[in-house]
Structures are given as C-alpha cells and as structure tokens.
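Let's go looking for aromatic rings that sit side by side. Have the chain open in front of you and follow along.

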Amino acid sequence: MKNPYLILLFMLCVQISFAQTDKEQIKETLLHYIEGTANGSPERIKKAFHKDLNLYSVSNDTLSITNGQKYISYFREGQKRDRVGKIISIDVVNNAAIAKVEIDVPSRNRLYTDYMMLLKVAGQWKIIHKSYTSENY
C-alpha cells in the first residue's frame, strides 16, 4: 500500500502548479475587456465587467457617466474595431486591484488611458469601475 501522505502531497503539488495567481487572473480579466472590445465579442466584455460597473470620463469640464451594460451594447458580435490594447500595470492587494490599460485607436490617432478598479467577487476578478481619458497623437 502506498503512503497516503505522499499521494496527498503529490496531488497538492499538481493543484498548485495549475493554479493561477491573482495577477494572472486579473490579466485574463483585462484581456477579456481588451480583446472583447477589439474583436466584437460582447460576451467576453461581460466576463470582465461586474454587472454594476460604470465608466467615468470628463469632457468640457463635465463628468460623464456611462452605464457598463449600455457600453457593452455598443459592441456587436463579430464586428471588429480598430483598437489595440495593452496592459501597462497591475497592482493587487488581497482582493482589490487597480490596473492601467492603454487602448490605441490608430485610425483616429487617439490613445485612451483606462484606469480600472477590480475586486475579487465570488472567486472571480471583475472590473467594478473604469475611469478613462484620451489624447490625440
């Protein structure tokens, strides 16, 4: 009979080797947003966003708030957009994180900078808040 402790230790090692770190899970969530908006995949965007998310920006010195569900409705399945995103930074402590993402829209010579707040809700990282700005280049 094999030692049950060795079997348990082996199973634990296998589980740990396949477990994603929080930063990897956050990166996956951000990529759902980045790739979902670029490739016309509303379902991927929904995976990234908490259902109560709002987006915030300032235009002409006035705060603009867009409901996350309305934002998702701007994207049609399979309708690709000229957007190239990259993750600039991720800072995580326990079950809260903040991330900076840049979205380049070459056809408009415009660079968006997104600041995302994320929380780990029911074991999944979700974007709960997005503030953004943009500049021409």
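A residue counts as buried when its relative accessible area is under 20%, and as partly exposed when that area lies between 20% and 50%. Keep in mind that this is a predicted model. With that cut-off, Tyr112 is buried, because its relative accessible area is 17%. Its partner Tyr132 is partly exposed, with a value of 27%.

So how do these two tyrosines meet? Tyr112 and Tyr132 make a tilted aromatic pair, with 6.4 Å from centre to centre and 50° between the planes. Tyr112 belongs to strand S5 (residues 110–121) and Tyr132 to strand S6 (residues 124–136), so the pair ties together parts that are 20 residues apart in sequence. Tyr132 has another visitor too: Lys130 lies over the face of its ring, at 5.1 Å from the ring centre.

How many aromatic pairs are there? The count comes to five. One of them joins Tyr71 and Phe75, and this pair is edge-to-face. Here are the two pairs described in this report:

| Pair | Centre to centre | Angle between planes | Type |
|---|---|---|---|
| Tyr71 and Phe75 | 5.2 Å | 65° | edge-to-face |
| Tyr112 and Tyr132 | 6.4 Å | 50° | tilted |

Are Tyr71 and Phe75 buried or exposed? Tyr71 counts as buried, because its relative accessibility is 11%. Phe75 is buried as well, with a relative accessible area of 4%.

Finally, Tyr71 and Phe75 have company: together with Tyr33, Phe49 and Tyr74 they form one aromatic cluster.

Key: Residues numbered from 1 in each chain as written. Predicted model: local features only at pLDDT ≥ 70, side-chain atom pairs only at ≥ 80, totals over all residues. Heavy atoms only, no water. Phe/Tyr/Trp six-rings, centres within 6.5 Å; stacked < 30°, edge-to-face > 60°. Buried < 20%, exposed > 50% of the residue type's maximum accessible area, 1.4 Å probe, protein only. Helix = DSSP H or I, 4+ residues; strand = E, 2+ residues; numbered from the N terminus. Lys NZ or Arg CZ within 6 Å of the ring centre and 35° of its normal.
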